[in-house]
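User: Please take a close look at one part of this model. Start with a pair of neighbouring elements, then follow the surroundings outwards.

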Amino acid sequence: MTELKDYLITEKLKKIAELQRRLSRRIVERPLDPSRVKTVGAVDVSYRGDDAVSALVICTFPECEPIETRTAQVKVSFPYIPTYFFLRETMPVLKVVKNADFDVLLVEGHGRAHPRGYGLASHIGLILGRPVIGVAKRPLRGVPENLYERVGKAYVSVGHLVDLRSAVEVVKALGEGYPKPLRIADKLSKVRR
């Protein structure tokens, strides 16, 4: 029975991987003029048992002054499986960003810098139809280096509706080390309720 279950999971993951490859062809890379960006959103998710707590902070750009924060809590519906992170975090992210107003969104996760060219940041960007930048703490193994750039302690990649050069400019403007809006979102997602 265990072998059958493992086989079915493997087959399902193969289909999801193929879907990621197909969806990656829909990602649009284009310049984003940082001088037109007035607000930056940042979203991160933390976990407590079976609950995911997502946090959104919206900051002025480039001053990085918080103007709105919010959190949302949802039940986790998918286990953590490397390179299938988007399946676990999409619902928590979408719940917290619903109807939020920002010019560009930073997502704690990869975009194009993914083995199949389609990580969480790309998925969120495609769903929202808005500029999204992927920001992660380390690169994924086997991903070509031209798909991301290190900025301080962050690895920046294209999510959707932005090119790598513009994404890097935006992240550089948000301070040394790791981008301040994501640091705030991370702390907010971990506040005990």
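Analyst:
**The hairpin and its surroundings**

Strand 2 (residues 51-60) and strand 3 (residues 66-75) pair in the antiparallel sense, over 9 bridges. Pairing here takes at least two DSSP bridges between the strands. Strands (E, at least two residues) and helices (H or I, at least four) are DSSP runs, numbered from the N terminus. The model is predicted: local features need pLDDT of at least 70, side-chain atom pairs count only at pLDDT 80 or more, and totals for chains, interfaces and linings use all residues. Residues are numbered from 1 along each chain as its sequence is written, and side-chain values use heavy atoms, with hydrogens and water left out.

Start at one end of strand 2. Asp51 stands opposite Lys75 of strand 3. Strands 2 and 3 form a hairpin, with 5 residues between them. Two backbone details mark this connection. Phe61 and Pro62 are joined by a cis peptide bond, with omega of about 10°. Pro62 is in the loop between strand 2 and strand 3. Cys64, in the turn, has a positive phi of about 70°.

Lys75 also takes part in a cavity lining. Ala52, Val74, Lys75, Val76, Ser77, Arg88, Met91 and Pro92 line the largest cavity. A cavity is a set of points on a 1 Å grid over the protein atoms alone, where a 1.4 Å probe fits but cannot get out; lining residues have an atom within 4 Å of a point. The volume of the largest cavity is about 30 Å³, as space filled by probe spheres set on the points, which are joined across faces, edges and corners. The count is 1 cavity of 30 Å³ or more. Strand 3 and helix 2 each give two or more residues to this lining. Helix 2 supplies the largest share, 3 residues. By class, the cavity lining has 5 nonpolar, 1 polar and 2 charged residues. Nonpolar covers Ala, Val, Leu, Ile, Met, Phe, Trp, Tyr, Cys and Pro; charged covers Asp, Glu, Lys and Arg; the others, Gly among them, are polar.

Beyond strand 3 comes a loop. Thr83 lies there, between strand 3 and helix 2. Thr83 is not a glycine, yet has a positive phi of about 70°. At a relative accessible area of 22%, Thr83 is partly exposed. The classes are buried (under 20% relative accessible area), exposed (over 50%) and partly exposed in between, with a 1.4 Å probe and protein chains only. On the other side of helix 2, Asn99 lies in the loop that leads to strand 4. Asn99 has a positive phi of about 65° and is not a glycine either. Its accessibility is 71%, so Asn99 counts as exposed.

Helix 2 (85-97) also helps to line the largest pocket, as do strand 1 (39-48) and strand 5 (132-136), each giving two or more residues. A pocket is an open set of points with protein on both sides within 12 Å along at least five of seven lines. This one holds about 550 Å³ of space. Its lining has 23 residues, and Tyr80, Phe85, Glu108, Gly109 and His110 lie nearest the centre. The pocket lining divides into 11 nonpolar, 5 polar and 7 charged residues.

Now the nonpolar cores. A core is a set of buried Ala, Val, Leu, Ile, Met, Phe, Trp, Tyr and Cys residues, joined through side-chain atoms within 4.5 Å. The largest has 30 residues, and Val40, Leu106, Ile133, Val135, Val156 and Val170 touch the most other members. Strand 2 supplies at least two residues of this core, as do strands 1, 4, 5 and 7 and helices 4 and 5. Helix 4 gives the most, 5 residues. Apart from this core lies another, of 25 residues, among them Ala52, Ile58, Phe78 and Val132.

Helix 4 deserves its own view. Leu164, Ser166, Ala167, Val168, Val170 and Val171 are buried in helix 4. The buried residues of helix 4 pack against strands 1, 4, 5, 6 and 7. Val156 shows part of this. Leaving aside neighbours within four places in sequence, its contacts (heavy atoms within 4.5 Å) include Ile133, Leu147, Leu164, Ala167, Val168 and Val171.

One last site is Arg130, in the loop between helix 3 and strand 5. Arg130 is partly exposed, at 23% relative accessible area. Beyond four places in sequence, Arg130 is in contact with Ala100, Asp101, Phe102, Gly125, His160 and Leu161. Arg130 and Val162 are 32 residues apart in sequence and 9.1 Å apart in space, C-alpha to C-alpha.
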